[in-house]
Amino acid sequence: MANGEIAAEQERILREIESTDTNCIGPTLRSVYDGREHGLFMVKLDGRIRNHDRDIEKMCNHHFQGFVDSITELLKVRGEAQKLKSQVTDTNQRLQDDGKGLLTCMDEMRQCRLQQRNIATTIDKLTHCLPVLEMYSKLQEHMRLKRYYPALRTLELLEQTCLPRAGQYRFCSIMSDNIPRLRTLIRDTAMSQLKDFLESIRKHSDKIGETAMKQAQVQRSLDSTVSLQQRAAVGRRLRKEAGLGAGTDVDGQGSGPMTKQDSAVLDVDGEEDEDEVPGAQGLVDFSPVYRCLHIYTVLGSREQFENYYRKQRRKQARLVLQPHSNMHQSLEGYRRYFNQIVGFFVIEDHILHTTQGLVNRAYVEELWELALSKTIAALRTHSSYCADPDLVLDLKNLIVLLADTLQGYGFPVSQLFDMMLEMREQYGEILLKKWNLTFRQVLDQDNFSPIPVATEEEHRRFTSQFPFQDPELDKLPFPKKLPFSEFVPKVYSQLKEFIYACLKYYEDLHLSSTEIDDIIRKSTNLLLTRTLSNCLQHAIKKKNVGLTELVQVIINTTHLEASCVYLEEFISNITNVPTDTANATKLYGTSTFKDARHAAEEEIYTNLNAKIDQFLQLADYDWTAAQGGGAPSDYLSDLIAFLCSTFSVFTHLPGKVAQTACMSACQHLSTSLVQLLLETDVRQVSMGALQQFNTDVKECERFARAGPVPGFQGDTLLLAFSDLRQLLDLFTQWDWSTYLADYGRPTCKYLRVNPQTALALLEKMKDTSRKNNMFAQFRKNERDKQKLIDTVVKQLRNLISAHQT
């Protein structure tokens with residue numbers, strides 16, 4: 001059983017050796033050598049080999065004849081093959097000989113193809129290199145022509161496109177190494193040009209501002225021309241509808257002062273139209289800032305450039321907004337200051353609208369707020385030094401032009417108009433000071449006498465200056481006199497000039513007609529109640545002012561008071577606001593002139609009394625004279641003559657004023673005469689002196705009875721001397737019994753005699769009686785008279801004591 005298995009296994013191994021590739025027979029042989037039946041396997045292997053040899057020998061025997069035949073055929077073929085070989089050799093030789101030329105041509109063709117390939121390669125390389133060289137040449141040309149932004153764009157194209165295509169060449173690496181240096185050069189050059197640009201606009205900002213303000217002035221002139229034409233058309237239509245001529249007073253007052261100014265504006269317009277005013281871009285080359293912006297944008301440093309530009313412009317703004325210390329001395333200083341400000345912001349506005357993001361609206365508004373605050377502060381400071389109203393008015397017009405110019409560029413300017421409204425108080429004070437000097441000069445130059453007019457032309461000239469109408473005076477032939485002095489038309493003209501000056505300031509301030517009317521009326525009230533009133537009071541209170549001048553002042557103020565109605569109409573005409581408008585401010589001229597007239601009246605009364613006192617100082621009575629009562633005293637005659645001549649001048653005064661002055665003079669004269677009797681220096685008064693004094697009083701009464709001033713009823717003026725008359729009658733008639741008996745009764749004959757006054761005078765007469773009758777005291781009559789005086793004195797003292805109790 002075991003032998004059978006061994007035989008089967010060896011048979012399997014033999015089949016495997018026969019069928020397996022020799023490369024994989026190793027494992028099979030190893031299994032044979034690892035077994036124990038190696039010898040038996042070799043026997044079987046030899047038997048198998050012999051079997052295969054017998055099979056081969058059988059197959060060979062079977063095909064041997066065919067093999068022999070094949071060898072025989074092969075031997076025959078060898079001869080033919082030799083022939084064929086010699087033929088092939090000959091053919092090959094001939095082919096080799098013939099192919100040498102072909103090979104030469106092929107080699108030449110190969111060389112030619114190689115050259116073509118090299119040429120194509122060269123052309124391709126040159127195709128990539130030539131743009132580099134062209135770009136570099138163009139770059140050099142841009143740099144030579146200082147066209148830095150195109151140079152930078154060319155440099156960028158060269159670096160990003162052309163050089164990478166060209167390949168690694170020495171000139172390309174040189175160019176690549178040179179690109180950063182060129183960039184730095186372009187950036188530095190652009191920055192240098194920007195600095196030059198900033199310096200240039202700093203120097204020329206005033207010229208740019210002047211140009212911009214001229215343009216705004218031209219636009220305002222055009223607008224005002226259109227407005228004038230519209231107003232003229234409306235005026236013509238209204239006059240046509242109302243049937244009024246072109247020469248009416250209202251039209252003359254309303255449009256007269258505006259006509260010259262408007263015609264001047266039209267002339268300016270014509271001149272401006274002939275010369276075209278260039279804009280900011282026509283005066284400044286903005287290409288450096290655009291170029292530098294583009295260059296820094298390409299270089300990726302736009303933010304750095306924006307910060308630098310804004311920083312430099314802020315510094316320039318602070319320099320521009322710093323006014324000169326002597327700016328307030330002339331209008332030209334303000335003009336240069338405004339031109340620089342306008343020029344600065346015109347440039348910034350142009351940069352804002354022509355660049356994208358270099359400056360933004362917030363940045364410009366921040367600068368404008370800074371400029372507004374500093375400009376307003378500077379104007380408030382410097383304008384406070386100004387004392388010339390014309391300069392303030394020109395400054396206001398310049399500020400309006402500044403505001404209109406900047407408003408045209410979109411900047412808010414309401415604060416400038418608010419500041420101009422603040423300046424109106426200063427302007428008003430300056431006007432008041434100027435008109436104070438004017439009024440004082442007019443008063444100093446006035447002769448305080450009625451104006452003589454010899455011809456109709458002179459009369460028309462004065463009445464055109466002052467609204468005066470007097471039908472009675474018009475009937476008189478020439479020459480004749482106007483009742484007032486030249487002070488009246490001059491003051492009225494100056495009042496109108498003041499109103500014009502106020503109106504000029506409020507033009508173009510965007511105020512309504514009602515507001516302008518109210519402001520002008522308030523300013524005129526200040527002029528009347530403060531300035532003119534003070535000037536009149538000063539003129540009235542001057543030491544060298546006589547009664548004639550004071551009378552003329554009263555006449556003048558009376559006519560000026562009557563002209564206040566025309567002054568209100570004048571204001572209404574120039575402001576186009578009716579006088580009956582609700583809440584309209586009324587002029588205080590009437591009260592001003594009334595106060596001045598009352599002051600003049602009081603001064604007349606005072607001066608009259610002073611003159612009377614001066615005459616009374618010349619009185620030289622002999623208080624101890626034995627006889628008296630002849631002619632009036634010389635001083636009193638002179639005084640009466642003076643009063644008559646003085647009151648004759650009062651013909652043009654209101655009746656009440658003349659009457660009051662006359663009554664006041666008479667009362668003062670009466671009181672002064674009583675005081676003259678009772679002076680302490682007069683120790684004794686004789687009956688003869690009293691008679692002379694009585695004669696003088698009668699002269700005064702004759703003067704009062706003659707009526708030096710018309711208008712007194714009956715003997716009203718005599719009442720001024722009634723106290724003195726009763727006193728003198730009491731002493732001259734020696735009617736003491738009646739006085740003492742009726743004292744205190746309403747029907748008393750000597751009602752106006754004061755017992756104290758009577759006692760004082762009686763004491764003086766008592767002393768005189770004692771002195772003169774020292775040696776006649778033994779005469780019975782004198783003794784009785786002395787006793788009577790003593791008795792009356794005693795009774796008067798008792799009467800005074802009882803009255804006081």
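**Helix α3 and its chain**

Q: Which residue with a positive phi follows α3?
A: Helices are DSSP runs of H or I, at least four residues, numbered from the N terminus. The phi after α3 is near 60°. It belongs to lysine 146.

Q: What distance does α3 span between its end C-alpha atoms?
A: This is a predicted model, with local features needing pLDDT of at least 70 and side-chain atom pairs 80 or more, while totals for chains, interfaces and linings use all residues. Residues count from 1 along each chain as its sequence is written, and side-chain values use heavy atoms, without hydrogens or water. Helix α3 covers residues 38-144, and a straight helix of 107 residues would span 159 Å at 1.5 Å a residue (1.5 Å times one less than the residue number). The α3 span is only 105 Å.

Q: Where does α3 bend by about 50°?
A: The bend is the angle between axes fitted to the seven residues ending at a residue and the seven starting there. In α3, that residue is histidine 63.

Q: Is isoleucine 71 buried or exposed, or in between?
A: Isoleucine 71 lies in helix α3. Buried means under 20% relative accessible area and exposed over 50%, with partly exposed in between (1.4 Å probe, protein chains only). The value for isoleucine 71 is 34%, so this residue is partly exposed.

Q: What share of the protein chain counts as buried?
A: The chain holds 27 helices and two strands. In α3, buried residues include Phe41, Gly99 and Met143. Of the 805 residues in the chain, the buried share is 40%.
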